[in-house]
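Okay, thanks for making time, everyone. I'd like to walk you through one model today, so let me put it up on the screen.

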Amino acid sequence: AVTALVALGVPAARTGLETATSPHAATPSPLLLLAALWVAFLLVLVTNPLKGLRFLTPLFAPTALLAGAGLGAALGALARRSGGNGRWIYVLASLGLLDAAFGDLRRFFDLFVRRGIPDLATPWFTALH
């Protein structure tokens, strides 16, 4: 969520991302529209008296897309400034993302499979193995 919040500033700041600018001047940026959707939905969630984790699920995909755009912009800028070491920056970032993904998978199995914390979707995922 923190990287998505940082990425909200990317399209607004017009940092030169190809995805943040539209080829047509009158057409809004898709990334800027996604950021506006994210902020609007977050405001609806904050002002709604009903609270629950399930209400956050519509924010997951836009958060991941904005985080990816922010990370891509940061890595691209870092790679351009690093000279010949740009490829290693992408390799290290990819390894870090893989480690985070496997960490999420380990936490899922620990919480919902090993500890048996009830969740409606867990039987669907655990029946696949």
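**Helix packing around H3**

So, H2 passes H3 in a left-handed crossing. The residues that make this contact are, on the H2 side, Leu31, Leu34, Ala35, Leu37, Trp38, Phe41, Leu42 and Leu45, and on the H3 side, Pro58, Leu59, Pro62, Thr63, Leu65, Leu66 and Ala69. Sort them by class and you get 14 nonpolar residues, one polar and no charged ones. Keep Thr63 in mind, I'll come back to that one.

Before I go on, a caveat: this is a predicted model. Now a quick step back to the whole chain. What is it built from, in helices and strands? Five helices and zero strands, so to speak an α-α-α-α-α run from the N terminus on. The chain has 129 residues, and 24% of them count as buried. If you take contacts with a separation of 6 or more, 43% come from residues 24 or more positions apart.

Back to the packing. Two packed helices are described by the angle between their axes and the distance between the axes. For H2, residues 30-47, and H3, the axes come within 10 Å and cross at roughly 140°. That angle doesn't go over 145 degrees, the cut-off for roughly antiparallel, and H2 and H3 are therefore oblique to each other.

Now look at the other partner. H3, residues 57-81, also packs with H4, residues 86-114, at an angle of about 150°, and here the axes are 8 Å apart. This time the angle is over 145, so H3 and H4 come out as roughly antiparallel. As for handedness, H3 passes H4 in a right-handed crossing. Leu71, Leu75, Gly76, Leu78 and Ala79 from H3 meet Gly86, Ile89, Tyr90, Ala93 and Leu97 from H4. By class that's eight nonpolar, two polar and, again, no charged residues.

Right, back to Thr63, which sits in H3. Is Thr63 buried or exposed? Buried: its relative accessible area is 15%, and the cut-off for buried is under 20%. Where does its side chain go? For one thing, the Thr63 side chain makes a polar contact with the side chain of Trp38, at 2.6 Å. And Trp38 is one of the H2 residues in the contact with H3, so to speak the other half of that pair. The Thr63 side chain also reaches the backbone oxygen of Leu59, at 2.5 Å.

That's what I had, so over to you for comments.

Conventions
Residues are numbered from 1 along each chain as its sequence is written. This is a predicted model: local features need pLDDT of at least 70, side-chain atom pairs count only at pLDDT 80 or more; totals for chains, interfaces and linings use all residues. Side-chain values use heavy atoms; hydrogens and water are left out. Axes are lines fitted to C-alpha atoms, for helices over the stretch in contact, and angles run from 0 to 180 degrees between N-to-C directions. Helices (H or I, at least four residues) and strands (E, at least two) are DSSP runs, numbered from the N terminus. Angles under 35 degrees count as roughly parallel, over 145 as roughly antiparallel, 65 to 115 as roughly perpendicular and the rest as oblique. A crossing is left-handed if the near helix is turned anticlockwise from the far one by less than a right angle, and right-handed if clockwise. Contact means heavy atoms within 4.5 Å. Ala, Val, Leu, Ile, Met, Phe, Trp, Tyr, Cys and Pro count as nonpolar, Asp, Glu, Lys and Arg as charged, and the others, Gly among them, as polar. Buried means under 20% relative accessible area, exposed over 50%, partly exposed in between (1.4 Å probe, protein chains only). A polar contact is a pair of N or O atoms within 3.5 Å; within protein, one must be able to donate a hydrogen and the other to accept it, and residues adjacent in sequence count only if both atoms are side-chain atoms.
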